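Student: I would like to learn how to read a protein–DNA model with care. Could we take the surfaces beside the DNA, and then a helix?

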Number of protein chains: 2
Amino acid sequence: MTDIAADGPSGRFVDGYLLYLLARASSVASAEFHEEVRARGVPVVVWRVLASLKGADEGLTVGDLAKSCLAKQPAISKTVDKLVGKGLVDRHEDAEDRRRVRVRLTPAGEAHVDELILAARAHQARLVEAIGKGEIETLRRALLRLIERAGAGAPPIDADATPDE
Amino acid sequence: MTDIAADGPSGRFVDGYLLYLLARASSVASAEFHEEVRARGVPVVVWRVLASLKGADEGLTVGDLAKSCLAKQPAISKTVDKLVGKGLVDRHEDAEDRRRVRVRLTPAGEAHVDELILAARAHQARLVEAIGKGEIETLRRALLRLIERAGAGAPPIDADATPDE
DNA sequence: CTCAAAATTATTCCTTTTCATACAATAATG
DNA sequence: CATTATTGTATGAAAAGGAATAATTTTGAG
């Protein structure tokens, strides 16, 4: 195994490397929409926080947000600070565990994220149209499976690890 | 189209959002190996630069490196500075265009990256084993197709755009 | 040939992220 | 219970990253 000559058509190692394909695909696919989001003056992290909160009616803890946004906890704490300042989210105590801070969308935040989600859905629809519905479903299933099983390889390492570029 | 109730099993929007699945899959899949890389004292950007240079015997320009590493040009210029300092790469003029700077691996850099690539291949092999060879091939094809066609949707936007977390 | 426009990289300045740590609350142990 | 360990969040200093810009070279137009 680990065939020494399995580098894909080009000579470069990276062109056949799965983790690179994943990162590149994510980057390329997100580029257009992230551009659109930032054109509205919304940093990508903010979009992720708001999008993660949408549908979480009980709110999410800072830690959950960090995982969901593929970011570290301190970065989320600071982003939440700003969003509280803008009145888009609020913090409130968790009844069961007073260490936790639950972050919820305010009505203003909800309205804001609804617009963004509309744009996201439109963009996704264009993507599906360009790639093909069947292909997208295949991809979605493969990604879900990868997400499920990826962390399982090396149990010793804690589930947190390091987000990604 | 853009079915308003197409959010996946959970209530949260993001759980059914393709760009999120891509980013999450990339993050989860890379987490383990990135941890391994950083445990050796190698920042992820450095790994990407070195890996991108492997097999590019003529060297790569700073701009090409930026694209390949999903980073911005100034970040790469600075990373290259450090790597030159460590003797892992060198800069030399491009004969055809003196604006360009070609970056090449030094013998020391080559040796260094060879070790890392060995580890990367081993990690990938474990991943393939965990997920299944067929599934991985399906995924690889879908990703390649996505990378090919993704930028095609909105021709006005330049190919650079924004990498991704 | 001359001059304006475009391209490539380095640099500066500012924002964001990260690491380390501190603090508070819960869980676990004896 | 009392004590220790663990978990969750915030904060401060340091590092990294990004936008804007300058300097140099090439390309294109007249």
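**Reading the DNA surfaces and a helix**

Tutor: Let us begin with composition, bearing in mind that this is a predicted model. The surface near DNA strand C divides into 6 nonpolar, 4 polar and 11 charged residues.

Student: Which residues are closest to DNA strand C?

Tutor: DNA strand C is surrounded by 21 residues, of which V45(A), K78(A), Q73(B), S77(B) and R91(B) are the closest. Of the atoms of this strand that come within 4 Å of the protein, 60% belong to sugar and phosphate.

Student: What part of DNA strand C lies 2.4 Å from the side chain of K78(A)?

Tutor: Here one asks whether the partner atom belongs to a base or to the backbone of the DNA. For K78(A), a side-chain N or O atom is 2.4 Å from a base oxygen of DNA strand C, and for Q73(B), a side-chain N or O atom is 2.7 Å from a base nitrogen of that strand. V101(B), by contrast, places a polar backbone atom 3.3 Å from a phosphate oxygen. The elements that contribute two or more residues to this surface are α4 (73-85) of chain A, together with α3 (62-69) and α4 (73-85) of chain B.

Student: Which residues come nearest to DNA strand D?

Tutor: Among the 20 residues around DNA strand D, the nearest are Q73(A), S77(A), R91(A), R99(A) and K78(B). Sugar or phosphate supplies 56% of the atoms of DNA strand D within 4 Å of the protein, and bases supply the rest. A polar backbone atom of G63(A) is 2.9 Å from a phosphate oxygen of DNA strand D, while K78(A) has a side-chain N or O atom 2.9 Å from a base oxygen of this strand. The largest share of the surface, 4 residues, comes from α4(A), and by class the surface has 5 nonpolar, 4 polar and 11 charged residues.

Student: How should I read the buried residues of a helix?

Tutor: An α-helix has 3.6 residues a turn, so residues three or four places apart point the same way. Helix α5 of chain A, residues 107-131, reaches 36 Å from its first C-alpha to its last, close to the 36 Å expected. Its buried residues include V113(A), L116(A), A120(A), Q124(A), L127(A) and I131(A).

Student: Against which elements do the buried residues of α5(A) pack?

Tutor: Within chain A they pack against α1 (18-39), α2 (44-53), β3 (101-105) and α6 (133-150), and from chain B against α1 (18-39) and α6 (133-150). Just after α5(A), G132(A) takes a positive phi of about 110°.

Notes: Residues numbered from 1 in each chain as written. Chains lettered and ligands numbered in written order. Predicted model: local features only at pLDDT ≥ 70, side-chain atom pairs only at ≥ 80, totals over all residues. Heavy atoms only, no water. Near = heavy atom within 4 Å. Polar contact = N/O pair within 3.5 Å; in protein donor to acceptor, adjacent residues only side chain to side chain. Nonpolar A, V, L, I, M, F, W, Y, C, P; charged D, E, K, R; others polar. Expected span 1.5 Å × (residues − 1). Buried < 20%, exposed > 50% of the residue type's maximum accessible area, 1.4 Å probe, protein only. Contact = heavy atoms within 4.5 Å.
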